Amino acid sequence: MTRTTARRRHPAAGYAVILLGLVSVGLAYSAITSGSSTSATPPSIALTAQLSQVSQGYAIFKADCSSCHGLLAQGVPGVGPSLIGVGAAAVDFQVSTGRMPSKGPANENVRKPLEISSPAQIHAVAAYIASLGGGPAIPTAAQVSMTGASAGFGQQLFVADCAQCHNFVGAGGALTYGKFAPPLTVSTPTQIYEAMLTGPEAMPVFNNTTITPQEKRDIIAYVVQTRAEPNPGGLSLGRVGPVTEGLVAFLGMLLFMVFAALWITAKHGKAHE
Amino acid sequence: MSDSTAGHRPGDSDLTGSGSAAGLPPDGNASDGEAGAEETGTAPHRVIGTPPPAQARTLLGTGPAADAGGDGAVAPRELPADPPDLASAKRAERVVVACFIVAMLAGFGFIAAYLIFSVHSVTNVLHSNLALGSTMAIAFLALAVGATIWVRRLMPDVELTEQRKPLRSSPEDRAAFAQTFEEGADASQFTKRPLVRRTLIAATVPVALAPIVLLRDMGPLPGKSLDRTVWRKGLRLLNYGANTPIRPSDFSSPGGMITVVPDGYQDDFDALAKAAVIIIKFGPGQIVYGTKPYPVPGAVVPNWSVNNIVAYSKICTHVGCPAALYEQTTHHILCPCHQSTFDAARGAKVIFGPATRPLPQLPMTTDAEGYLVAQSDFTEPVGPSFWERG
């Protein structure tokens with residue numbers, strides 16, 4: 001009895017209870033949502049399925065997106081842009097990378113943990129936006145497949161048109177006025193494809209007549225293969241090139257030299273007076 | 001130098017300060033004679049490098065007093081033969097020995113790494129570099145640490161003062177040198193035969209001029225080559241990488257940006273160093289055209305663009321880095337080297353950073369087949385400023 005009380009009064013007990021509550025709610029929520037999505041997936045007639053996907057997407061849109069983008073996705077001036085014509089690929093990219101829902105119109109949208117977690121839900125919203133008027137579609141698995149893609153040619157293209165912002169190995173980099181090009185280290189092939197197609201944030205658009213779908217696959221192959229390159233020095237240092245390496249070498253060696261100088265010249269024991 | 005008078009002297013008496021001008025001239029120096037007498041009278045005859053008698057083991061502090069007295073004192077020992085704490089010295093010795101052994105092993109490791117790692121692929125080279133670098137670093141570091149511990153723990157920490165001899169030679173020496181010099185000049189006939197002297201001087205002139213003439217290899221001067229690029233009328237813009245020509249209808253998405261190169265020069269890196277271009281597609285009404293006719297810095301020239309597509313030099317006007325960080329939301333072109341920022345919608349006007357001129361705009365049009373081509377070369381030099389640019 002006393003042992004139980006003592007445990008209940010332990011400083012960590014409160015955190016543990018909250019964590020337990022959150023996990024159980026999350027599990028229950030995911031069980032419910034996955035149940036609903038699986039019930040929506042098998043279609044008897046394609047059109048019905050598509051319609052139900054659009055209507056499901058609209059329901060999610062109304063609940064989670066319309067406060068900024070307007071009830072009909074027409075946009076709210078100063079808050080959120082119109083989504084008519086942006087296409088399913090843009091929606092899938094923005095939501096699947098966690099950039100949407102945004103933290104606010106003033107913020108730069110960055111990759112963060114998903115708030116709409118199920119791909120089926122994201123695809124539903126994407127289908128709804130696509131139904132409003134065209135735009136690039138979400139690429140199929142075949143379109144982003146890396147089999148037969150040439151990473152070597154992809155590197156040429158990447159160096160010509162991507163590396164200036166995203167760094168030679170996709171480690172990202174700085175842009176103007178505090179904006180930055182994100183690292184590509186965790187992007188899925190689908191997300192890379194969608195980003196090229198739709199030009200999210202400050203990124204230019206690389207449409208399919210400028211960078212062909214085959215070339216996009218080559219670029220993806222390069223980005224993905226580069227991640228697996230070994231770091232024989234032990235540390236990648238973010239792979240952002242000579243700046244960090246130089247900084248580490250400079251500061252590290254400087255520190256080492258300072259301590260070495262201190263040690264060499266320190267007065268030692270009785271030998272000195 | 002003083003060997004002629006005190007050949008047997010151990011040589012360390014000069015350090016004691018017994019004579020300020022000890023032993024410089026070979027003869028006739030009073031202080032030298034005094035020192036010599038002192039040495040020959042009392043100093044033990046010993047071989048350099050062997051330990052002195054036990055009574056001589058005194059520190060420097062007692063030296064000057066004994067020396068000043070100058071009576072019956074042995075040459076004082078200045079450095080202690082042993083460290084004060086022998087047990088501590090023993091421990092230090094072991095550490096030093098361990099360091100040196102580590103250095104030796106790492107040195108052998110370097111040789112082994114050189115022999116073992118083949119370097120026929122990039123990955124192998126990286127591993128080889130890692131092994132060679134770390135073994136060499138360990139070897140040098142262990143050597144340095146061992147030496148430092150040796151110095152700090154085993155060698156004595158004693159300050160010595162060495163008296164300096166006067167730098168000026170004696171008057172006799174100086175007179176003798178002057179005489180020798182003059183006699184030599186006469187005997188060599190250098191002064192007596194001016195023809196020989198002058199032809200010798202003339203012979204050295206071309207040798208001295210040759211390095212100056214070799215500076216010519218730094219030329220020739222660039223002339224007009226910096227003023228123009230390989231772009232010319234009718235040359236197609238190729239999508240770099242795929243090297244395909246571009247129709248305005250292909251490059252149709254507003255916010256698009258692509259690097260292009262002149263047709264026929266896609267593999268000519270010397271040419272591309274100046275001729276690289278980015279083309280940018282704007283939405284309707286986004287471009288701010290200049291109101292005055294060309295040339296207007298900081299304004300897009302209307303009849304140089306095609307369907308809201310504008311072409312700018314990719315070479316930054318600051319120091320020539322590739323400036324191609326294009327933001328479609330703000331229309332900024334950023335140069336990554338020094339953050340020069342250009343407004344692509346306003347003729348690549350400089351809005352931030354050290355660049356002083358806009359990126360030059362390439363005049364564009366379409367050819368009979370509808371592909372983007374250049375109307376002409378750039379109308380101003382691309383890239384950084386240079387002396388002759390004016």
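**Stop 1: where chain B meets chain A**

Color the two chains differently and zoom in on the place where they meet. In this predicted model, chain B and chain A bury about 3,000 Å² between them, and 58% of that area is on carbon and sulfur atoms. If the choice of unit puzzles you, the size of an interface is often given as the accessible area lost when the parts come together.

Now select the residues in contact: 39 from chain B and 37 from chain A. How many residue pairs are in polar contact across the interface of chain B and chain A? The count is 16 residue pairs, both partners at pLDDT 80 or more. On the side of chain B that touches chain A, the elements giving two or more residues are α4, β3 (257–262), β6 (325–327), β7 (332–334) and β9 (349–352) of chain B. Highlight α4(B) before the others, as this helix gives the most to that side, with 10 residues. If you color the side of chain B that touches chain A by residue type, you get 17 nonpolar, 15 polar and seven charged residues.

**Stop 2: a salt bridge and a histidine**

Stay at the interface and look for salt bridges: there is one between chain B and chain A. To see a salt bridge here, show the side chains of Lys179(A) and Glu327(B), which meet at 3.1 Å, N to O.

Next, click on His332(B), in strand β7 of chain B. Is His332(B) buried or exposed? With a relative accessible area of 11%, His332(B) is buried, because the cut-off for buried is under 20%. Turn on side chains and you'll find a polar contact of 3.2 Å between His332(B) and Thr176(A). Leaving out residues up to four places away in sequence, His332(B) touches residues of chain A, namely Thr176(A) and Tyr177(A). From chain B, the residues that His332(B) touches include Leu325(B), Tyr326(B), Glu327(B) and Ile351(B). Yes, that's the Glu327(B) of the salt bridge with Lys179(A).

**Stop 3: chain B as a whole**

Hide chain A for a moment and switch to a cartoon view. Chain B has seven helices and 11 strands. Of its 390 residues, 32% are buried. Counting contacts in chain B with a separation of 6 or more, 59% are between residues 24 or more positions apart.

**Stop 4: helix α3 of chain B**

Select residues 86–116 of chain B to light up helix α3, which has 31 residues. Draw a distance from the first C-alpha to the last: the helix reaches 44 Å, close to the 45 Å expected at 1.5 Å a residue. At the N-terminal end, show Asp85(B), which caps α3(B) with a side-chain oxygen 3.2 Å from the backbone nitrogen of Ala87(B).

Which residues of α3(B) are buried? They are Ser88(B), Ala89(B), Ala92(B), Val96(B), Cys99(B), Ala103(B), Ala106(B) and Ala113(B). Bring α4 (122–154) of chain B back into view, since it is part of what covers them.

**Stop 5: a serine out of sight**

Go to Ser313(B), in strand β5 (residues 309–313) of chain B. Ser313(B) counts as buried, at 0% relative accessibility. A polar atom of its side chain lies 3.1 Å from the backbone nitrogen of Ile315(B). Show what Ser313(B) touches, skipping residues up to four places away in sequence: Ala276(B), Val277(B), Leu359(B), Pro360(B), Phe378(B) and Val382(B).

**Stop 6: backbone oddities**

Pick the peptide bond from Gly219(B) to Pro220(B): it is cis, with omega near 0°. Pro220(B) is in the loop between α6 (194–214) and β1 (237–239) of chain B.

Then try Gln339(B), in the loop between β7 and β8 (341–343) of chain B. Gln339(B) isn't a glycine, yet its phi is positive, about 65°. At 38% relative accessibility, Gln339(B) is partly exposed.

Bring chain A back for Glu201(A), in the loop between α9 (189–198) and α10 (213–227) of chain A. Here phi is near 55°, a positive value in a residue other than glycine. Glu201(A) is partly exposed too, with a relative accessible area of 29%.

**Last stop: Gln214(A)**

Finish on Gln214(A), in helix α10 of chain A. Gln214(A) is partly exposed, at 38% relative accessibility. Add Val144(A): the two are 70 residues apart along the chain, but their C-alpha atoms are separated by 9.0 Å. Not counting residues up to four places away in sequence, Gln214(A) touches Gly148(A) and Ala149(A).

Technical notes. Residues are numbered from 1 along each chain as its sequence is written. Chains are lettered from A and ligands numbered from 1 in the order in which they are written. Side-chain values use heavy atoms; hydrogens and water are left out. Helices (H or I, at least four residues) and strands (E, at least two) are DSSP runs, numbered from the N terminus. The expected span of a helix is 1.5 Å times one less than its number of residues. Buried means under 20% relative accessible area, exposed over 50%, partly exposed in between (1.4 Å probe, protein chains only). Contact means heavy atoms within 4.5 Å. A polar contact is a pair of N or O atoms within 3.5 Å; within protein, one must be able to donate a hydrogen and the other to accept it, and residues adjacent in sequence count only if both atoms are side-chain atoms. Buried area is the accessible area (1.4 Å probe) that two parts lose on being put together, summed over both. A salt bridge is a side-chain nitrogen of Lys or Arg within 4 Å of a carboxyl oxygen of Asp or Glu. Ala, Val, Leu, Ile, Met, Phe, Trp, Tyr, Cys and Pro count as nonpolar, Asp, Glu, Lys and Arg as charged, and the others, Gly among them, as polar.
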